[in-house]
Amino acid sequence: LAAVHSATGSAKEARNCMLEATKRARNNWRMWESFLSICLQLRDVAGAISALRRFAELDKFSLITEKVLGLLTATVVGDRDGLYEGRTGKAFIRQLDSFFTLLTSKHTSEPCFWYFYAELQEHQGQWVKSLESRFKQARAAQSKLWEENDPERFVTRLEDLCECFASLDRV
């Protein structure tokens, strides 16, 4: 039913259908993936964060992409307007912070998780916590660097690590 609503341009109805589907099949990551997609179309930050939280609870970390995390973090930190139900980004600071707390407690080896968490913490004036997250980002980035066999990806990961060290140096 959600697919029909989505195909006919009724994204809000599709969201409502997927919300009901996720209630009935909480452990079905595919339902949550569809829900996330619709929430992103609607600029529904709360729904998108809920979907990402569920991915973390289901240990489906590969579904939590850097692109989506970056988009949500930038929306919240930049206090963007024009979001679902007329809300602005700052309304979701606590929800995003709570999500990052869960995410980084369950999966510590992804540098972008720490990067975006540090950005949010810095925005909230949590300088010490932000610095700690940057150090964890650096450790995770360094670990990933030594595992990389592809020369092009190695260079990309090395650049990311250098960028992380540069941000630490600015503190």
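How much accessible surface does the protein have, and what share of it belongs to carbon and sulfur atoms? In this predicted model, the accessible surface of the protein comes to about 9700 Å², and carbon and sulfur atoms account for 50% of that area. The secondary structure consists of nine helices and zero strands, and the briefing below takes up the overall form, the largest pocket and a few individual residues.

**Overall form**

- Read from the N terminus, the elements of the protein follow the order α-α-α-α-α-α-α-α-α, in keeping with a count of nine helices and zero strands.
- The protein has a radius of gyration of 17 Å, which agrees with the value near 16 Å that a compact globule of 171 residues would have.
- Taken along the principal axes, the box that the C-alpha atoms of the protein fill is roughly 50 × 35 × 25 Å.
- Of the 171 residues of the protein, 42% count as buried.
- When contacts are restricted to residues at least 6 apart in sequence, 51% of them join residues that are at least 24 apart.

**The largest pocket**

- The largest pocket has a volume of about 390 Å³, and of the 16 residues that line the largest pocket, those closest to its centre are Glu66, Glu110, Pro111, Cys112 and Asp160.
- Two or more residues of the lining come from each of helix H7 (111–123), helix H8 (127–147) and helix H9 (151–170), with H9 giving the largest share, namely seven residues.
- By residue class, the lining of the largest pocket divides into eight charged, five nonpolar and three polar residues.

**Lys144, a buried lysine in H8**

- Lys144 is found in helix H8, and because its relative accessible area of 19% is under the 20% cut-off, Lys144 counts as buried.
- Once neighbours within four places in sequence are left aside, the contacts of Lys144 are Ser109, Glu110, Pro111 and Arg157; Glu110 and Pro111 are also among the residues closest to the centre of the largest pocket.

**Phe92, a buried residue in a loop**

- Phe92 lies in the loop between helix H5 (66–77) and helix H6 (93–106), and Phe92 counts as buried because its relative accessibility is 3%, which is under 20%.
- Although Phe92 and Val45 are 47 residues apart in sequence, their C-alpha atoms are 7.3 Å apart in space.
- Val45 is one of the contacts of Phe92 outside its neighbours within four places in sequence, and the others are Ala46, Ile49, Val76, Leu83 and Arg87.

**Two loop residues with positive phi**

- As background to the two cases below, most residues other than glycine have a negative phi.
- Arg43, in the loop between helix H3 (29–42) and helix H4 (45–57), has a phi near 60 degrees, a positive value in a residue other than glycine.
- With a relative accessible area of 42%, Arg43 is partly exposed, because that value falls between the 20% limit for buried residues and the 50% limit for exposed ones.
- Asp79, found in the loop between H5 and H6, has a phi near 45 degrees, which is likewise a positive value in a residue other than glycine.
- Asp79 also counts as partly exposed, at 33% relative accessibility.

Notes. Residues numbered from 1 in each chain as written. Predicted model: local features only at pLDDT ≥ 70, side-chain atom pairs only at ≥ 80, totals over all residues. Heavy atoms only, no water. 1 Å grid on protein atoms, 1.4 Å probe; cavity = no way out; pocket = protein on both sides within 12 Å on 5 of 7 lines; lining within 4 Å. Points joined across faces, edges and corners; volume = space filled by probe spheres on them. Helix = DSSP H or I, 4+ residues; strand = E, 2+ residues; numbered from the N terminus. Nonpolar A, V, L, I, M, F, W, Y, C, P; charged D, E, K, R; others polar. Rg over C-alpha atoms; globule rule 2.2 N^0.38 Å. Buried < 20%, exposed > 50% of the residue type's maximum accessible area, 1.4 Å probe, protein only. Contact = heavy atoms within 4.5 Å. Areas by Shrake-Rupley, 256 points an atom, 1.4 Å probe, with all protein chains shown as cover.
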